[in-house]
Every structure is written in structure tokens, then in C-alpha cells.
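Okay, thanks everyone, let's get going. I'll put the model up and then talk through some helix packing and the cysteines.

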Amino acid sequence: MEIKDKIVVIRNNRIRQIIFVTIAITCCIPALISPPIALLLGIVIAQTVGHPYLHLNQKATHILLQASVVGLGFGMQVDKALETGKTSFLLTLTFLSFTLIFGYLLGKLLKIENKTSFLIAVGTAICGGSAIAAISPVIRVQEKQLSIALGTIFTLNAAALFIFPAVGNALDLSQLQFGIWSAIAIHDTSSVVGAANKYGPEALAIATTAKLGRALWIIPVAFLAAYLFKTNGPKVKIPWFIGLFVVAMLANSYIPSFHNYQHIFTSFAKTGLTLTLFLIGCGLSRKLIIEMGIKPLLQGIILWVIISLLSLGAVLYFF
């Protein structure tokens with residue numbers, strides 16, 4: 001490569017970095033950018049100038065999301081969390097089991113490679129990208145299988161952030177109904193919290209608690225995956241951030257002095273969530289979308305639509 005060409009590449013990369021950093025900083029100003037808009041801006045960046053720090057995106061998103069969830073714990077009460085957990089436990093277990101079984105059958109029907117199909121079903125059943133990231137080393141997937149599953153789930157997460165609040169408002173769902181429905185039917189914790197935050201503060205508290213209860217199913221499902229695929233992979237990673245979320249909630253419930261700082265923690269958490277959604281959007285590159293292919297995306301859409309409709313019916317009937 002000639003010196004002039006190298007200078008052009010460096011200059012273009014710097015421009016990309018400036019655009020990315022500028023929008024990322026803007027996403028940290030709640031008055032200017034809402035979570036859905038942040039996600040949309042990220043997708044635009046991915047499809048136009050590209051993500052200048054794509055190699056760091058997955059780790060940054062993972063850490064930022066977990067920190068944001070812990071921060072939200074400072075805005076919740078233990079008694080309400082326990083009530084929500086009892087209310088949503090049976091529904092969560094029922095739909096989780098159904099999703100895994102139906103996802104397996106659908107994957108066979110569409111003739112999708114077994115591990116890719118299983119990851120999509122697990123991501124839909126438990127907690128999206130977090131579940132896929134936890135299960136993938138257990139069943140020893142290839143990078144392409146992981147990328148396809150993540151791309152499918154993240155694409156549907158982006159759609160959920162816009163669709164769910166609109167449907168909730170159209171059906172005039174209560175805060176309780178929307179919180180439980182979004183916790184059961186939306187894949188990733190980030191999109192659950194984003195959609196519920198847009199719907200209302202009570203829905204946010206209910207959805208976050210119910211969703212984290214759903215996320216704990218990563219552990220038994222990981223052992224099931226190891227058995228089904230006959231692997232002796234790495235040890236199952238326990239999502240420790242859920243424990244920190246509980247500690248934050250206990251502090252807010254039983255240490256009065258924390259009430260003076262509650263709004264600071266929750267404000268930082270919501271800002272962190274908005275930035276997380278921007279980074280997720282930036283990760284949806286054209287290459288990832290092309291790699292997905294039509295069949296895995298079709299499996300993800302069918303599975304998600306059926307679970308969404310069935311869980312909505314259950315929520316309307318029981319609550």
C-alpha cells in the first residue's frame with residue numbers, strides 16, 4: 001500500500017472514530033436520546049460508516065449491560081420483587097420449556113444445523129445473547145454458528161424495542177401485564193428493560209425482576225445442553241451480576257441512607273442501558289446480517305411470534 005493510501009485509510013478511520021464517539025456521548029444525555037433511538041442510531045452506524053471498535057463491542061456491551069442491571073436494583077424493593085417472582089415463576093417455566101421443545105422441532109423442520117438451531121431456541125427461551133454466550137462454550141460451537149445465532153436474536157431484539165410498547169399501548173395493558181409479558185417474550189435483558197422503561201416505571205421494576213429470574217435458568221439449561229450434545233466443555237458460568245442486583249435491592253430496601261443516592265444509581269443505570277443499546281445496534285453489521293441466512297432468521301421469527309402471542313394471551317387471562 002502506498003503512503004497516500006495509508007494516509008487516506010488513517011484519516012477515514014479517525015473520522016469514523018469521531019462520529020462513533022460523538023454519537024456515543026450524545027446517547028448518554030437522556031433528554032436528547034431515548035433507548036429505541038439509540039438502538040436505531042447504532043444500526044445506522046453499522047450500515048454506513050461502520051463500527052471502528054467492533055472487536056471490543058461484545059465485551060463492552062456485556063460489561064455495561066450487567067453494570068446497568070445492578071444499578072437498577074437500587075431502585076427496587078425486596079417485597080415487590082418477591083411478589084413478582086412468585087407471580088411469574090410458573091409462566092416463565094412453562095414458556096421456557098415450550099420454547100426449547102418447539103424450537104428444536106422447528107429447527108428440524110427447517111433443516112437448520114443442530115447447534116445453531118439450539119442456540120436460537122435457548123436465546124429465545126432464556127435471555128438472548130447472554131444465554132447464547134453462556135451455552136456456546138458448553139456445546140463447543142464454531143464462530144459462524146455463534147454469529148448466526150447472535151445476529152438472529154439481536155435483530156429480533158431491535159424489533160421488540162419498538163413493537164412491544166406500541167402493542168401494549170394499543171391493548172391498554174396494565175403496568176403489571178406489560179412487565180410480565182415483556183419479561184417472558186423479549187429475548188435480551190437490555191431490550192426488556194428498554195421496552196419496559198418506555199412503558200412505565202412500575203412495568204420496568206416488574207420486568208427487570210421477572211427477567212432476571214428467567215436468566216437464572218441459564219444454569220440448568222447449560223447442564224442439559226452438555227448432556228444432549230455429549231460434550232465435556234468448560235464449567236457453566238454462573239451469572240454473578242444477578243447476585244449483585246439482589247444485593248443492590250436489599251441495600252435499597254433495608255438501608256435508609258441509600259435512599260439519598262437512589263436516583264443517582266438508577267439514572268446512571270438507565271444511561272448505561274441506552275449506551276448498551278447503541279453498542280448492540282453498532283454490532284449489527286452487514287456481514288453479520290448476511291451470515292444469518294433466511295432459515296435461522298425464519299426459525300427465530302416464528303418461534304418469537306408464537307411465544308409472544310401465547311404469553312400475551314396468558315397474561316391477559318391470568319392478570
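I'll start with two helix pairs and finish with the sulfurs. Keep in mind that this is a predicted model.

So, helix α10, residues 201-215, is in both pairs I want to show, and the partner to begin with is helix α8, residues 175-185. Their axes sit 8 Å apart, at an angle of about 30°, and the crossing of α8 and α10 is right-handed. On the α8 side the contact includes L176, F178, I180 and I184, while α10 brings in, among others, P201, I206, A207 and A210. If you sort the residues of that contact, you get 11 nonpolar, 3 polar and 3 charged. E202, K211 and R214 of α10 are in that list too.

Now the other partner, helix α12, residues 240-254. Here the axes of α10 and α12 come within 10 Å and cross at roughly 145°, and this crossing is left-handed. T208, T209, L212 and A215 of α10 meet F241, I242 and F245 of α12. That contact splits into 5 nonpolar, 2 polar and no charged residues.

Last bit, the cysteines. How many disulfides does the count come to? It comes to 0. Why no bond for C27? Its closest cysteine sulfur, in C28, is 6.9 Å away, and a disulfide needs the pair within 2.5 Å, so that's too far. For C282 the closest cysteine sulfur is in C27, at 8.1 Å, so again too far for a bond. C27 is buried, at 1% relative accessibility, and C282 is buried at 1% as well.

Notes:
Residues numbered from 1 in each chain as written. Predicted model: local features only at pLDDT ≥ 70, side-chain atom pairs only at ≥ 80, totals over all residues. Heavy atoms only, no water. Axes fitted to C-alpha atoms, helices over the stretch in contact; angles between N-to-C directions. Helix = DSSP H or I, 4+ residues; strand = E, 2+ residues; numbered from the N terminus. Left-handed = near helix turned anticlockwise from the far one by under 90°. Contact = heavy atoms within 4.5 Å. Nonpolar A, V, L, I, M, F, W, Y, C, P; charged D, E, K, R; others polar. Buried < 20%, exposed > 50% of the residue type's maximum accessible area, 1.4 Å probe, protein only.
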